[in-house]
Every structure is written in structure tokens, then in C-alpha cells.
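Here is a brief report on a protein–DNA model. Please view the structure first, then read on.

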Number of protein chains: 2
Amino acid sequence: MKKTILVFGMLILALLLLFQFSKYAIISGDLKVELIVAAIAIVFFFVGIYINKKSLSKTDTTVVNINEEKIKELDISNREYEVLQKIAEGLSNKEIAEQLFLSESTIKTHVSSLLVKLDAKRRTQAITKAKSFEIL
Amino acid sequence: MKKTILVFGMLILALLLLFQFSKYAIISGDLKVELIVAAIAIVFFFVGIYINKKSLSKTDTTVVNINEEKIKELDISNREYEVLQKIAEGLSNKEIAEQLFLSESTIKTHVSSLLVKLDAKRRTQAITKAKSFEIL
DNA sequence: TTTTAGCTCATACTAAAGTACCAAAGTTCT
DNA sequence: AGAACTTTGGTACTTTAGTATGAGCTAAAA
């Protein structure tokens, strides 16, 4: 936030300096008008690019939102979704079972139904499909 | 491509018009110098934003840029990286072998060395780790 | 109160995945 | 040509993953 204020302060300062400089240069006739105009144009062209890049990189992380409607559409239950998340974290059935205080059999059951619902043959494919559905 | 040429053509035209206009305005004294300078600044500021947006939307995938240095750092070979990509697509060893015209044994060898290099126990974990390293 | 749906767990089995170890071509660099 | 490395492939084995089927339990809906 402080950085933003600093950047804008510098910008305003540069703008004022350009004003003064252009006025002086035109009146004294040291430089051609075209040159000054071109310089201003180029400077603010890149300022625009810079500002735009800054604002874009901030809203960049907001792009990824979980599509909850799709989860319901695919008829994936709460428990199944939990398991799906653990799968995507790279855990084995055994590890998932331990983390959720369940037996490995139960995890296998959930995984199997997940594969059916996501129309996947493997857990890795389930991950990619889930991400394409914006579920993960 | 034709659109790009058109846009740039329009830009150059606008630039020339501004040149002429500013020269005329300053000489005739109809407008204040500050106003002209400000106008030019504002116009090119937005031009910069526009151009930047266009170029970004085209190279949109460049935002999630693959960290090639990390690949070298992890000592992952070309073939191994190819296999890693196929794993992330959710393919089985057999399917990867068919796509790359290799035997399943070879894929297993590559996968094993990938797991070691990525310090992963499973292929699913390899995917998540690779993504955290910005390799995928 | 049945019925339905979700969650749980088990057994038995098949199919992948992964490990360990070895070995032969092919490249690249010196 | 020899060294070092990548790529390829094999065998034999262990470990996960995944399927099929059945069943008990609970909570909510019909």
C-alpha cells in the first residue's frame, strides 16, 4: 500500500515536471514541438502498461473459484469431496484414511464412486477432470 | 493478425493527428499548453493499458510460466519431463508408453526417477509438488 | 413407519504402480 | 576413441489402487 502511494507520488511529480519542461521548451524554442509530444506520449504509454500490469497481478489469484454448482450436478457428496481434495494433495488411500479417522476400505469405496461420477479411470485423471470442472 | 495491423494503423494516425493539432493549437494560442500535454498524456496512458491488455490476453498462458530453471535444478531430463506432463494429464503408464512409442518398462523407469527427483512417494504427489515448483 | 440416501467397513480379487537391479544402445563432450 | 550421461528395455518382486459385492448404521424424507 505504501508502495502504491509512492509510485503515484512519483507519477504526479513526473507529470508536473513534464508540464514545466514542455512549457519552457516551447516558449524558448529549444526543442521541436513534435519531439516533446512524442516524448510525453511514449512516457505515458509505458506508464499505462506498468499500471495495468500492477493491477492485473493483484486480481490474478481471484480467478480460481470453486464451482459448487458443478459438484452438486455431478452428485458428489461431502465425504467424497473431502476425499477428492486429499487425493489432489497427493495422499495415498491409507494416508487419507488416517487423516479422516476412517478405514482404508471406506476410502476405497469413496474413491471408486468418485471415479464413476467424474468418469475417470484413475485418481490422477480424477484430479485433472476435477480441475477442468473448476471443482478443485 | 489483420486486426493488429488495423489497430496499429489507427494508433499511428491518431499520433499524427495529435501532432498536427498540438502544433496548430500552440501556435494559434487557442489552448493552454498544459491542457494539450495532459490530453496527450491521458490518451497514451489508456493506449498503453489497451495494448498491454491485448498482448496479455494472447500470451495469457505466460502468466503461469513454467519455471525452466527449477527443472534443471531438479536435474529432470527432457524425457522425464515429457512423462511428467503425461502423468499430470491423468494417463496410465501404459497409455503414456503408447503415446510416446515406448515400452511400459521405460515409462516405469522414468516415473521412478521422477519420484526420486521430486521427492514424492506417488505420482499424484509428484503432480502437486511439480505444480508447487511451477514446473507444470 | 417404511424408504431413501449417505457413510461406514469387510472380503476377495484384478490391475496398476512402483522398486531394485541390470544391461545395451545412442549422444555429447573431451 | 573413451567417458559420462540419457534413453531405452527387461525381469522379478512388493505395494497401492481399484472393482465387485454385501452389509450394518444413521438421519431425513415420504
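The side chains of B:Arg122 and A:Glu95 make a polar contact at 2.8 Å. A polar contact is a pair of N or O atoms within 3.5 Å; within protein, one must be able to donate a hydrogen and the other to accept it, and residues adjacent in sequence count only if both atoms are side-chain atoms. B:Arg122 sits in the loop between α6 and α7 (123-132) of chain B. Helices here are DSSP runs (H or I, at least four residues), numbered from the N terminus; strands are E runs of at least two. Beyond its neighbours within four places in sequence, B:Arg122 is in contact with A:Gly90, A:Leu91, A:Ser92, A:Glu95 and B:Leu115. Contact means heavy atoms within 4.5 Å.

This is a predicted model, in which local features need pLDDT of at least 70, side-chain atom pairs count only at pLDDT 80 or more, and totals for chains, interfaces and linings use all residues. Residues are numbered from 1 along each chain as its sequence is written, chains are lettered from A and ligands numbered from 1 in the order in which they are written, and side-chain values use heavy atoms, with hydrogens and water left out.

Now the DNA. 18 residues surround DNA strand D, and the closest are A:Lys108, A:Ser112, A:Arg123, B:Ser77 and B:Arg79. A residue is near a strand if one of its heavy atoms lies within 4 Å of it. Of the strand D atoms within 4 Å of the protein, 70% belong to sugar or phosphate; the rest belong to bases. α6 (104-117) of chain A, and α4 (78-88) and α6 (104-118) of chain B, each supply at least two residues of this surface. By class, the surface near strand D has three nonpolar, ten polar and five charged residues. Nonpolar means Ala, Val, Leu, Ile, Met, Phe, Trp, Tyr, Cys and Pro; charged means Asp, Glu, Lys and Arg; the others, Gly among them, are polar.

DNA strand C is also surrounded by 18 residues; the closest are A:Ser77, A:Arg79, A:Ser103, B:Lys108 and B:Arg123. Sugar and phosphate make up 69% of the strand C atoms that come within 4 Å of the protein.

The table lists polar pairs between protein and DNA.

| Protein atom | DNA atom | Distance |
|---|---|---|
| A:Lys108, polar side-chain atom | strand D, base oxygen | 2.7 Å |
| A:Ser112, side-chain N or O | strand D, phosphate oxygen | 2.9 Å |
| B:Ser103, backbone N or O | strand D, phosphate oxygen | 2.9 Å |
| A:His110, polar side-chain atom | strand C, phosphate oxygen | 3.0 Å |
| B:Lys108, side-chain N or O | strand C, base oxygen | 2.8 Å |
| B:Arg123, backbone N or O | strand C, phosphate oxygen | 2.7 Å |

Next, rings. A:Lys70 lies over the face of A:Phe133, 4.8 Å from the ring centre. B:Lys70 lies over the face of B:Phe133 at 4.9 Å. A charge sits over a ring if NZ of Lys or CZ of Arg is within 6 Å of the ring centre and within 35 degrees of the ring normal.

Last, confidence. Chain A has a mean pLDDT of 79, and 54% of its residues reach 70 or more. pLDDT is the predictor's confidence in each residue, from 0 to 100. Over residues 58-62 of chain A, pLDDT stays under 50. Where pLDDT is low, the predicted coordinates should not be read in detail.
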